Amino acid sequence: MLDALGLEPVQQQMYEALVDGAVTVPELRAALGLSAARVRETLAALEKSGLAGRYPGERRGEERFLPVAPEVAFETLLLAREEAIHRTRRHVQLLATRFRTNAAARDPGDLVEIVTGRAAVIQQVDQLQHSARHQIRGIDRPPYANSDPDRLDPKTGMMPVQAKTMRRGIGYRVIYDTNGLATFHRIDTDIEACAELGEEARVMADTPTKLLVADDRVALIPLRSAPHEMASSVVVHPSGLLDALCEFFEVLWARALPLSAYVAGRPHGAGDAPTPDEVRLLALLTTGLTDQVMARQLGVSYRTFQRRLSGLMERLGAGTRFQLGMRAASLGWVSQPSGAGGEVAGTADGSGVRAVGNGP
């Protein structure tokens with residue numbers, strides 16, 4: 001942890017050993033398993049950095065080394081490192097200003113960049129997420145470059161880079177294609193894990209393309225794709241094309257159906273709340289997937305799925321799936337995204353409720 005302040009690992013270990021009470025060279029050797037020469041060399045470095053002090057032993061005993069209090073010892077180092085970061089940030093901002101100033105004079109070909117090869121596409125996906133400062137927007141649909149088991153967290157099924165990015169406060173808004181939910185994603189693993197970290201998810205059938213956008217600064221879209229893997233992509237830098245892609249996402253987002261509030265167990269509204277199994281079932285019913293695929297997503301047999309669906313319909317007093325959608329909406333268990341003009345998107349009759357699910 002202290003390597004961020006310029007301490008080598010052995011210096012950090014020795015300072016922590018001093019804090020824990022090892023104050024003589026023999027004690028430090030026993031605690032760290034180092035030679036006497038290495039211990040004295042490291043102690044000298046800590047003394048020079050103002051992190052430790054040397055004191056004579058009592059009655060000609062072994063000399064003692066005591067740590068400087070951490071809140072005193074590291075304050076100067078922290079202030080120096082913060083100032084260096086501020087200077088670096090100011091320089092980056094200056095470079096960004098120069099970049100924007102010269103953008104108009106660039107060759108149009110510089111505004112897009114072709115990335116070829118699966119490994120290069122994966123690297124670009126990671127780099128784009130690492131570069132985000134506020135928000136990632138994405139359209140998720142097959143094929144997938146990040147589909148290898150070593151690219152996914154074994155417990156949650158998430159890409160570790162997304163989890164790391166979200167934990168540093170970057171928001172995610174993702175539109176999941178129903179085909180991806182049917183063939184790749186799992187509601188009870190990666191979709192729920194993303195929702196628990198704060199991802200806003202919606203679902204839509206037949207999305208036109210994959211898309212990944214970091215803030216309003218850079219986007220990644222496929223150029224061509226082989227049937228089962230991403231072969232090439234286009235990186236789009238600030239331009240009219242990037243503006244169009246951002247607006248394109250927002251149009252689709254307004255039309256897509258909400259998903260994350262359900263799978264995270266946060267349905268809106270008052271009244272008797274649904275059980276966790278009913279939450280997942282309602283989430284899947286809004287996706288338009290077939291009953292067989294929804295049963296597979298829930299990890300149950302088709303017959304068990306039908307029994308759970310019938311039980312939910314009976315609980316809400318619904319005779320049809322359309323009535324189920326209306327009853328669930330009236331309880332606040334199902335919500336719809338607002339479209340232009342304040343109307344509810346996805347409704348053909350103006351009722352504000354969309355029929356849920358597909359028959360077999």
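The side chains of R137 and D216 are joined by a polar contact of 2.6 Å. The model is predicted, and the distances and angles below are computed from it. The contact between R137 and D216 also qualifies as a salt bridge, with 2.6 Å from N to O. Because R137 belongs to strand β4 (residues 135-140) and D216 to the loop between β7 (211-214) and β8 (218-226), the pair ties together parts that are 79 residues apart in sequence. The two partners are set differently with respect to solvent: R137 has a relative accessibility of 5% and therefore counts as buried, whereas D216 is exposed, with a relative accessible area of 52%. The side chain of R137 makes a further polar contact, of 2.7 Å, with the side chain of E250.

Beside D216 in the sequence, D215 has a positive phi, near 50°, although the residue is not glycine. D215 is likewise placed in the loop between β7 and β8, and at 9% relative accessibility D215 counts as buried. A positive phi, of about 55°, is also found at D206, again not a glycine. D206 sits in the loop between β6 and β7. With a relative accessibility of 69%, D206 is exposed. A further backbone feature is the cis peptide bond between P142 and P143, for which omega is about 0°. P143 is located in the loop between β4 and α7 (160-167).

Across the whole structure, the search returns 14 salt bridges. One of them links E192 with R280, at 2.6 Å from N to O. E192 is part of helix α9 (residues 187-196) and R280 part of helix α12 (residues 276-285), so this pair ties together parts that are 88 residues apart in sequence. E192 is buried, at 8% relative accessibility, while R280 is partly exposed, with a relative accessible area of 23%. Another salt bridge is formed by R90 and E83, whose closest N and O atoms are 3.5 Å apart. In this case R90 is partly exposed at 48% relative accessibility, and E83 is partly exposed with a relative accessible area of 33%. Salt bridges also link R40, E47, R54 and E63 in a network.

R202 is a buried residue that has no salt bridge. The nearest side chain of opposite charge belongs to E200, 5.8 Å away, and a salt bridge requires the nitrogen and the carboxyl oxygen to be within 4 Å. R202 is placed in strand β6 (residues 200-204). A polar atom of the R202 side chain lies 2.6 Å from the backbone oxygen of W253.

W253 also takes part in an aromatic pair. Pairs of this kind are described by the distance of the ring centres and the angle of the planes. The count for the structure is 1 aromatic pair. The pair is formed by F249 and W253, with ring centres 5.8 Å apart and planes at 25°, so the rings are stacked; the cut-off for stacking is an angle under 30 degrees. Both residues belong to helix α10 (residues 240-255), where F249 and W253 are 4 residues apart, about one turn of the helix. F249 and W253 are both buried. In addition, R173 is positioned over the face of W253, at 5.1 Å from the ring centre. The surroundings of W253 thus include the ring of F249, the side chain of R202 at the backbone oxygen, and R173 over the ring face.

Cysteines were examined for disulfides, and the search of the whole structure finds 0. C194 is buried, with 3% relative accessibility. C246 is also buried, its relative accessible area being 8%.

Towards the start of the chain, R29 is found in helix α2 (residues 25-32). R29 has a relative accessible area of 41% and is partly exposed. The C-alpha atom of R29 is separated by 6.7 Å from that of V39, a residue 10 positions away along the chain.

Definitions and conventions. Residues numbered from 1 in each chain as written. Predicted model: local features only at pLDDT ≥ 70, side-chain atom pairs only at ≥ 80, totals over all residues. Heavy atoms only, no water. Phe/Tyr/Trp six-rings, centres within 6.5 Å; stacked < 30°, edge-to-face > 60°. Helix = DSSP H or I, 4+ residues; strand = E, 2+ residues; numbered from the N terminus. Buried < 20%, exposed > 50% of the residue type's maximum accessible area, 1.4 Å probe, protein only. Lys NZ or Arg CZ within 6 Å of the ring centre and 35° of its normal. Lys, Arg positive; Asp, Glu negative; His and termini not counted. Polar contact = N/O pair within 3.5 Å; in protein donor to acceptor, adjacent residues only side chain to side chain. Disulfide = S-S within 2.5 Å.
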